[in-house]
Structures are given as structure tokens and as C-alpha cells.
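The following exchange asks on what grounds certain descriptive terms are applied to a structure. Each reply sets a value against the criterion for the term.

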Amino acid sequence: MPPRITPSNLPQLGDRSREIFRQIVDSYLASGEPVGSRHLSRLLPMSLSPASIRNVMQDLEELGLVYAPHISAGRLPTELGLRFFVDSLLQVGDLEAEERAQIKSQVEAASKDRDLEGVLTEATSLLSGLTRVAGVVVAGKNDARLKQIDFVRLEPERVLAILVAEDGAVENRVLPVPRDLPASALVEAENYLNARIKGRTLAEARAQVEGARAAAQAELDTLTARLVDAGLASWGGSGRQLIVRGQAHLLEDLTAMEELERIRLLFADLETQTEVIDLLERAEEGEGVRIFIGSENKLFSLSGSSMIAAPLRDANRRIVGALGVIGPTRLNYARIVPMVDYTARVVMRVVGGG
């Protein structure tokens with residue numbers, strides 16, 4: 001196997017190799033087309049013959065940073081190459097004053113007469129319009145009023161918990177249970193919870209049950225009490241809503257049938273809400289903008305797409321969601337990264353996050 005380059009062995013790339021690689025990536029991000037040695041010789045700030053450039057391109061290919069889509073074609077960056085470029089060579093730009101003013105004014109205007117969901121929807125649509133790809137956001141939706149909870153036994157040691165909200169939303173969780181849990185315990189747990197959660201938000205219901213824990217232990221047998229706790233605890237991160245705006249932008253400027261197929265696969269990815277939410281939740285784990293490229297993530301293994309996302313926090317620095325964009329790997333990372341970062345910071349400010 002050829003050696004794989006990482007940021008730790010960047011010094012192995014000399015100035016010439018680094019500049020040629022940067023020009024290959026820049027050309028790909030601008031046009032999506034392979035770039036050959038003759039064209040590169042006209043782009044480079046240094047004087048190099050096409051033969052010398054081809055030798056460097058061969059070295060970059062052996063490192064796994066570029067590849068030739070056809071025998072006689074120029075080179076394109078691999079996903080590994082894009083990751084290396086983003087992590088080590090990307091020069092993030094700054095937003096124009098007009099763009100900052102537009103983002104700030106539209107998000108602030110949305111906050112005056114809309115709830116949090118409305119603000120997030122506006123921010124997502126705004127990002128999509130500015131970047132010409134799909135805008136996405138995931139956020140908690142814990143203010144829905146609960147209607148009922150049901151337990152259905154699937155297997156001797158697994159129970160399906162079904163939580164129904166007053167607005168008709170339904171969420172399911174599979175819970176592990178002891179094999180000796182009697183059927184009567186399911187009914188008892190249902191009755192106990194339904195008498196206490198109806199009309200309450202998830203947070204209110206959990207607080208109410210927590211407050212009555214001592215009485216519950218006396219009122220319910222041990223196995224049933226454990227089921228009650230598990231039934232509510234399973235929704236500790238529940239109520240996640242996904243907002244996607246601007247998918248139509250992904251259909252702009254398609255130049256080949258394979259690009260159309262890639263976008264079709266990306267649309268299928270976006271319909272897989274659970275996996276999109278899981279990926280956005282990974283973006284919540286960091287302080288700043290995170291970039292996910294291609295098959296690094298199972299979600300994009302077929303479509304070869306990228307996500308750029310930033311966490312959203314409230315005034316107490318608690319995570320309340322993540323905001324970003326999804327599009328082809330040929331994104332303008334230098335422009336979009338600061339755009340996502342600034343939009344997320346404006347949203348946090350208007351919703352009381354600092």
C-alpha cells in the first residue's frame with residue numbers, strides 16, 4: 001500500500017508539490033473537471049514544464065491525494081485529498097459586509113414574529129439561497145404536548161415504547177427489559193405514565209415523574225418502576241426535528257448524467273431523516289464548524305456529498321441543535337465555512353445564546 005499523507009507528514013510535500021495539489025483542488029472546486037499538466041503549467045506561479053508537473057502529479061497519486069478518472073485525463077482530488085486540503089491547506093475567507101448585513105437582518109426579522117422553529121427555518125432557507133445548495137438544521141422539539149405512551153412487547157427481552165404527541169407526532173424506541181417482566185407490568189407502567197404525562201411537555205412529564213419517584217417506588221413493583229424510568233429516559237434526546245430547504249439548488253448547473261445520478265442519491269440521503277439527524281448531532285459535539293466529506297460517513301457513501309455544519313447553543317452553552325448545508329463535495333469551502341459559522345452565531349444571539 002502506498003503511504004497515506006496526513007497533516008503530521010505535511011513537510012514531505014515541498015512547495016512545488018503543495019502548489020500543484022492546491023491548483024488541482026481549486027480547479028476541481030471551480031469547474032468539477034480534471035486538470036492536466038499543460039493547463040496547470042499556465043496556472044502555477046512558478047515556471048515548470050508539463051513533464052515536471054506530470055511527475056509531481058504521479059507522486060500525489062501515489063500518496064492517494066489525486067486520481068485520474070480516465071487514462072488520458074488530468075487529475076481530480078480524491079476524498080482523502082479533499083480532507084487533507086480542508087484540514088491543512090484551506091484558506092478560509094471572510095464574508096462581505098453586505099452578506100453579513102443580509103444574514104443579520106433576515107434572522108433578526110424572523111425572530112420578532114416567529115418562534116424558534118420559524119427562526120431556524122428562515123436561517124436554513126437563507127443559507128441555502130446564499131450557498132446554492134441545500135440548507136439543513138436539526139433542533140430539539142421538546143415543547144410538544146404529550147398525549148399518551150404505549151408499550152408493546154416485541155420479544156421476551158425487548159419492548160417497543162410508542163410516544164404520541166397531541167400534534168399527532170409519533171416516536172418509537174426499543175427498550176431492553178428483563179425476560180421475566182410480566183405482561184401486567186406493561187399495562188401498569190402505561191397506566192402510571194399516561195395518568196401523569198397527558199398535556200405536558202416531555203421536560204414537564206419527566207420532572208413530574210422524577211418528583212414522584214419515592215411514591216412510585218412504593219406504588220409500583222420494582223420491575224414496573226424500572227420500565228417507567230426507561231420509558232421516559234429513552235427520550236432523553238428525543239423530539240429532534242430536521243428542516244431541509246433549497247434542494248432544488250442542487251439541480252442547478254448539472255453537466256453530466258453521472259452528476260444527475262449523484263444528486264438523485266443525495267435526495268435519497270436527505271429523505272433518510274434519522275441518518276441526517278445523526279450526522280448533524282455529530283456536528284454538535286464541537287465548538288466550531290465541522291466538515292464531513294463523502295464516504296467518511298455512511299450517509300454519503302453513495303452520493304459522495306459533503307456537509308458543513310456548526311453547533312447551536314443556548315445562553316447556558318447547552319446544545320440546542322446544529323445548522324449547516326449539504327451539497328456535492330465540490331463546495332466552495334473557503335466561502336461557505338465562514339457563512340455557516342456567522343449564521344449560526346447570529347441565530348444563537350437572537351435566541352438568547354450569546
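**Grounds for the terms used**

Q: Why are helices α6 and α13 called roughly antiparallel in this predicted model?
A: Helix α6 (residues 116-131) and helix α13 (residues 333-350) pack at an angle of about 160°. Angles over 145 degrees count as roughly antiparallel, and α6 and α13 are therefore roughly antiparallel to each other. Their axes lie 11 Å apart, and α6 passes α13 in a right-handed crossing.

Q: Which residues of α6 and α13 meet?
A: From α6, Val 119, Leu 120, Ala 123, Leu 127, Leu 130 and Thr 131 take part. Their counterparts in α13 include Arg 335, Ile 336, Met 339 and Val 340.

Q: What makes up the contact of α6 with α13, by class?
A: The contact has 10 nonpolar, 2 polar and 1 charged residues. Arg counts as charged, and Arg 335 is among the α13 residues that meet α6.

Q: What makes β4 and β6 the edge strands of the open sheet?
A: The 3 strands have the order β4-β5-β6, with antiparallel pairing. Both β4 (146-155) and β6 (170-176) pair on one side only.

Q: How do you know that β4 and β5 count as paired?
A: The criterion is at least two bridges between the strands. Strand β4 and strand β5 (residues 158-165) pair in the antiparallel sense over 8 bridges, and the criterion is met. Leu 146 stands opposite Ala 165 in β5.

Q: Which strands does helix α7 touch where it packs on the sheet?
A: Helix α7 (residues 183-197) touches β4 and β5, and its direction makes about 165° with that of β4.

Technical notes. Residues are numbered from 1 along each chain as its sequence is written. This is a predicted model: local features need pLDDT of at least 70, side-chain atom pairs count only at pLDDT 80 or more; totals for chains, interfaces and linings use all residues. Side-chain values use heavy atoms; hydrogens and water are left out. Axes are lines fitted to C-alpha atoms, for helices over the stretch in contact, and angles run from 0 to 180 degrees between N-to-C directions. Helices (H or I, at least four residues) and strands (E, at least two) are DSSP runs, numbered from the N terminus. Angles under 35 degrees count as roughly parallel, over 145 as roughly antiparallel, 65 to 115 as roughly perpendicular and the rest as oblique. A crossing is left-handed if the near helix is turned anticlockwise from the far one by less than a right angle, and right-handed if clockwise. Contact means heavy atoms within 4.5 Å.
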